[in-house]
Amino acid sequence: MVDYVKKGSIQVAKELYDFVNLEALPETGLDIETFWADFGKLVSDLAPKNKDLLVKRDEFQKQIDAWHKENNVFDYHEYKAFLERIGYLEPQVEDFSITTENIDDVITRQAGPQLVVPIDNSRYTINAANARWGSLYDALYGTDAISEEGGAEKKDSYNPVRGDKVIAFAKNFLDEHAPLKVSSHTEAKKYTIVKGKLEVVLKNGDTTELNDASKFSGYQGQAEEPSAVLLKNNGLHFEIQFDRNHSIGKTDEAGVKDIYLESATSSIMDCEDSIAAVDAEDKTLVYRNWLGLNRGDLTSVFTKGGKGVTRTLNPDRTYTGPNGEEVILSGRVLMFIRNVGHLMTNNAILDESGQEVPEGMMDGVFTSLMAKHGLLGNGPLQNSKEGSVYIVKPKMHGSKEAAFANELFNRVEDMLDMKRNTLKIGLMDEERRTSLNLKNSIHEVKERIVFINTGFLDRTGDEIHTSMEAGPMIRKGEMKSSTWLNAYEKNNVRVGLAAGLKGKAQIGKGMWAMPDLMDAMLKQKRGHLQAGGNTAWVPSPTAATLHALHYHEIDVRKVQVELAKEVKDYRDEILQIPVVENPIWSAEEIQEELDNSAQTLLGYVVRWVDHGIGCSKVPDINNVALMEDRATLRISSQMITNWLHHDICTEEQTLNTLKRMAKIVDEQNAGDALYRPMTPNFDESIAFQAACDLVFKGKDQPSGYTEPILHRRRLEAKESKHVIE
Ligand SMILES: CC(=O)SCCNC(=O)CCNC(=O)[C@H](O)C(C)(C)COP(=O)(O)OP(=O)(O)OC[C@H]1O[C@@H](n2cnc3c(N)ncnc32)[C@H](O)[C@@H]1OP(=O)(O)O
Ligand SMILES: O=CC(=O)O
Ligand SMILES: [Mg+2]
């Protein structure tokens, strides 16, 4: 039973109410009574509009379903005309340019990795905030970016053969991006600063300097024996660090102990798909962490390797510049906060008729309130130098929903006494109706937009669900190379550039969802920059450091200049539905696809429902660890639902597959003492029931979203004490 406090027209769960009154409102200049009265008014004014937008989504889906049922023979021109007629495809607004102001340099002047982190985990969240800088040596040594061939295996103790490979890679990086006039960094014996210039004494006694002296940006320590030299390339910094007493530094003739890269320039603190927040208790934790991040005083105390660790936010980094001036660089990422979308409600607050209020409205108000502490400088650190708050809004369908977000943000600014457009918006392009109407959607938020991003995972889920009645979908692995997806990626960049995002806003690319495959990421993720993305998502700080290498290789500003010349309307390609007309899959192929989706689905859902963990590394059937979140779950559940609906597989086969895979997932988790197996009593496992719901009731889920089922089942698990803390 939730303990509520009645406050005017609304009821607020006591835990959240106390937190807001005692921790969040003090020092903001806002009055408690006025705040809650304004919140009640906001809900009564905007909740009905929110509801109407969701009704519109359902109406479109019903119309599209009916059209496919009536039109067995697909005629593209008729299909498109139908989408225009019902308003799903909107008439496009005239050309325009965005006018956002007060944007931090990270967005306007830098291209770099964007790290996403579940905000309910303070340890990871602080780590993400500090991931602005990362050790290249560690990132290479600890991952498959360096192969184990030739005796370079990772061992319990330091393996010098592997270490040498790491150093060779890193010195090559220096030669590529801060080359010397003569010779190579591998030949360096000493680095010194002479008359504001970097001088390098070589092993043969000669002295050389940087090919491009302007890359030298500062140093730490003494000019004649610096402890770090700061360099810059393509707008990103890196440090060569020296210590002749360090275990690595003493093996290097120049005393180099590491190379530190500016890594994640920005980070997304996620209240959405990577967390499980279903009630006031969970939401309070989320908001409390965000408050600490904005004040700069968030701390996490934990045990690692048998040792107690207290993790705090890093300070800025200070250097002496080439002319003796002080140079200060941020020690932390620029933080965005991803709110939830317009779909869900949460029982943390009830409206005048006892209904749960829209969770997106709660997030809008509370995440902005917490950020106000940063704007006012209430703590030791500040996020934005420009006085802006960066909110990512996911899962919006079309321009009317973007307009609604804008209206909500206006109202929140008024309520929190913030200047108009203090709240910036990152618009996720991850639903079909937004991709098709992207220009109009950007137009609705043109004074506050700071990023668009192709959330291709949710977008794939929406692709499957929207065209559920069109036929059986191609296999999951084929989606990435399909016509619609490639056109969607290109369209996002093209529309963004045409709307003037270059130099004003990020054009972001999606997540690298294989956190352990760093070699593959190094080989593939430069494609995001070549496609015009000036940021792209990574799942971990290590991935951020390695992905940063791509931004040294490629100057995205130049790529964007070229891409901006292209004039093309991709919407006809985006509308190519990825169905198979005459499926000829063998029984083995069908079973393989089912096994694959069922395994990752169960592996993710069991941790969500029983443990409240919203983002997990789950092995697929080939034992590759995949990052699973609600968006990947949306794909796997909708995939199976689609094949069931089109009789590619049977209910019995699917249930048997789920049961068989549950056993495998149980075995994979056998080492976890807190794990609650799904087998053999399937009926008693709430997690297994959730998985079945997602698949067998998947067709009826709004836009194929997984949140309604997950939330309901997690609440059930919490109530029945099936929860594992
Ligand atoms: C479609 C979408 O919406 S994508 C966006 C949602 N996805 C995400 O947010 C992905 C975020 N990533 C994660 O949650 C995690 O990296 C996972 C779940 C994928 C893997 O987590 P784990 O199995 O614990 O990772 P692993 O054991 O390899 O590494 C743990 C270490 O890395 C750190 N770490 C891992 N991921 C992150 C992260 N995203 N941010 C900060 N630190 C991280 C941890 O803090 C920990 O270090 P510590 O012990 O010093 O604290
Ligand atoms: O939010 C990201 C996605 O791919 O979905
Ligand atoms: Mg998404």
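Biologist: Hi! Where is the place of Asp629?

Modeller: Asp629 sits in the loop between β26 (625-628) and α21 (630-645). Keep in mind that this is a predicted model.

Biologist: Okay! Is Asp629 buried or exposed?

Modeller: Asp629 is buried, because 25 other C-beta atoms lie within 10 Å, and 20 or more count as buried.

Biologist: And what does Asp629 touch?

Modeller: Leaving out residues up to four places away in sequence, Asp629 touches Asp273, Ser274, Gly614 and Cys615.

Biologist: Which feature does UniProt place at Asp629?

Modeller: The UniProt entry, an unreviewed one, puts the feature "active site" at Arg338 and Asp629. These positions span 292 residues in sequence, but their C-alpha atoms are no more than 14.3 Å apart, so they gather at one spot.

Biologist: Nice. Where does Arg338 lie, then?

Modeller: Arg338 is part of strand β17, which covers residues 334-338. Arg338 is buried too, with 25 other C-beta atoms within 10 Å.

Biologist: What does Arg338 touch?

Modeller: Its contacts are Ile268, Asp270, Cys271, Glu272, Val392 and Pro394, again not counting residues up to four places away in sequence.

Biologist: Let's switch to the ligands. Which residues are around ligand 2?

Modeller: The residues around ligand 2 include Asp273 and Pro394. You have met both names already: Asp273 touches Asp629, and Pro394 touches Arg338. The others around ligand 2 are Met428, Glu430, Gly455, Phe456, Leu457, Asp458, Gly510, Met511 and Ala631.

Biologist: Which helix gives the most to that shell around ligand 2?

Modeller: That's helix α13, residues 456-466, with three residues. By class, the shell around ligand 2 has six nonpolar, two polar and three charged residues.

Biologist: And how many residues surround ligand 1?

Modeller: Ligand 1 is surrounded by 25 residues, and the closest are Val116, Asn127, Ala128, Ser274 and Ala631. Ala631 is also on the list for ligand 2, and Ser274 is one of the contacts of Asp629.

Biologist: Which elements supply at least two residues of the shell around ligand 1?

Modeller: β3 (114-118), α5 (122-129) and β25 (616-619) each do. The shell around ligand 1 divides into 14 nonpolar, five polar and six charged residues.

Biologist: New topic: strands! What order does the open sheet of three strands have?

Modeller: The order is β5-β6-β7, and the pairing is antiparallel. β5 (188-194) and β7 (207-209) stand at the edges with a single partner strand each, so one side of each has no neighbour in the sheet. On average, neighbouring strands here are turned by 30 degrees against each other, direction ignored.

Biologist: How many bridges do β6 and β7 pair over?

Modeller: Strand β6 (residues 197-202) pairs with β7 over three bridges, in the antiparallel sense. One example is Glu199, whose bridge partner in β7 is Glu209.

Biologist: What about strand β23: which way do its residues point?

Modeller: Strand β23 covers residues 506-509. Gln506 and Gly508 point one way, Ile507 and Lys509 point the other way, and all are buried.

Biologist: In what sense do β22 and β23 pair?

Modeller: Parallel: strand β22 (residues 449-454) and β23 pair over three bridges. Asn453 has Gly508 as its bridge partner in β23.

Biologist: And how many bridges join β23 and β24?

Modeller: β23 pairs with strand β24 (residues 535-538) over two bridges, in the parallel sense. Gly508 turns up here as well, with Thr535 as its bridge partner in β24.

How values were computed
Residues numbered from 1 in each chain as written. Chains lettered and ligands numbered in written order. Predicted model: local features only at pLDDT ≥ 70, side-chain atom pairs only at ≥ 80, totals over all residues. Near = placed C-beta within 6 Å. Helix = DSSP H or I, 4+ residues; strand = E, 2+ residues; numbered from the N terminus. Nonpolar A, V, L, I, M, F, W, Y, C, P; charged D, E, K, R; others polar. UniProt positions renumbered as here; feature names shortened; annotations may be inferred. Buried ≥ 20, exposed ≤ 12 C-beta atoms within 10 Å, placed from the backbone. Contact = placed C-beta atoms within 7 Å. Pairing = 2+ DSSP bridges. Axes fitted to C-alpha atoms, helices over the stretch in contact; angles between N-to-C directions.
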